[in-house]
Amino acid sequence: VLEANLALRRRHWSRWEKLILGVQNDLGNCLGDLGRHDEALVLKREIYTRSVAAFGVSHENTILTGSNLASSFHSLHLYGEATPFLRDQLLPVARRSLGLDHHLTLRLNE
């Protein structure tokens, strides 16, 4: 169902990158929930890369997609990628752009 929704939105609303990335994010989360973590990781890497290109690294949506990517790293026990990504890239940007008490910043600090 999510894949059909994504195809529909790409066809009719291809210029609405935020909408398409949101649907792709839902699909990635669903794949992870189904235990298809490798597929979810591939999709979440793509989503994060496209979010950075579309909105910049400081945008709240980009930070959220980065958080989802880090979650996929953890699910696959890829701590060597997760830790530097969170520590060196995502958390400093979240602190600077969202503030120390924003819910995403707090979640990344856990």
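Is Phe85 buried or exposed? Let's start there, everyone. Phe85 is buried, and its relative accessible area is 8%. Since buried here means under 20%, that value qualifies.

Before we go further, please remember that this is a predicted model. The protein chain has an average pLDDT of 88, with 85% of the residues scoring at least 70. Among its elements, H5 has the highest mean pLDDT, at 96, while helix H1, residues 2–12, has the lowest, at 62. Where pLDDT is low, the predicted coordinates should not be read in detail.

Now, back to Phe85 and its partners. The structure holds two aromatic pairs. In one of them, Tyr48 and Phe85 meet edge-to-face, with 5.3 Å from centre to centre and 90° between the planes. Tyr48 sits in helix H3, residues 37–55, and Phe85 in helix H5, residues 79–98, so this pair ties together parts that are 37 residues apart in sequence. Tyr48 counts as buried too, because its relative accessibility is 12%, and the cut-off is 20%.

What about Phe73 and Phe85? Their ring centres are 6.0 Å apart and their planes stand at 85°, so this pair is edge-to-face. That angle qualifies because the cut-off for edge-to-face is over 60 degrees. Phe73 belongs to helix H4, residues 60–75, and Phe85 to helix H5, so the pair links distant parts of the chain, 12 residues apart. Phe73 is buried, just as Phe85 is. Put the three together, and Tyr48, Phe73 and Phe85 make one aromatic cluster.

Let's stay in helix H4 for a moment and look at Thr62, which is also placed there. How much relative accessible area does Thr62 have? The value is 1%, so Thr62 is buried. Leaving aside neighbours within four places in sequence, Thr62 contacts Tyr48, Ser51, Val52, Phe55, Gly56 and Val57. You'll recognise Tyr48 from the aromatic cluster.

Finally, a little check you can do yourselves on helix H2, residues 17–33. With 17 residues at 1.5 Å a residue, H2 should span 24 Å, and its end C-alpha atoms are 24 Å apart, so the two agree. Several residues of H2 are buried, including Ile20, Gln24, Leu27 and Leu31. As you look at those, keep in mind that an α-helix has 3.6 residues a turn, so residues three or four places apart point the same way. Just after H2 comes Gly35, with a positive phi of about 85°.

Thanks for listening!

Technical notes. Residues numbered from 1 in each chain as written. Predicted model: local features only at pLDDT ≥ 70, side-chain atom pairs only at ≥ 80, totals over all residues. Heavy atoms only, no water. Phe/Tyr/Trp six-rings, centres within 6.5 Å; stacked < 30°, edge-to-face > 60°. Helix = DSSP H or I, 4+ residues; strand = E, 2+ residues; numbered from the N terminus. Buried < 20%, exposed > 50% of the residue type's maximum accessible area, 1.4 Å probe, protein only. Expected span 1.5 Å × (residues − 1). Contact = heavy atoms within 4.5 Å. pLDDT = per-residue confidence, 0-100.
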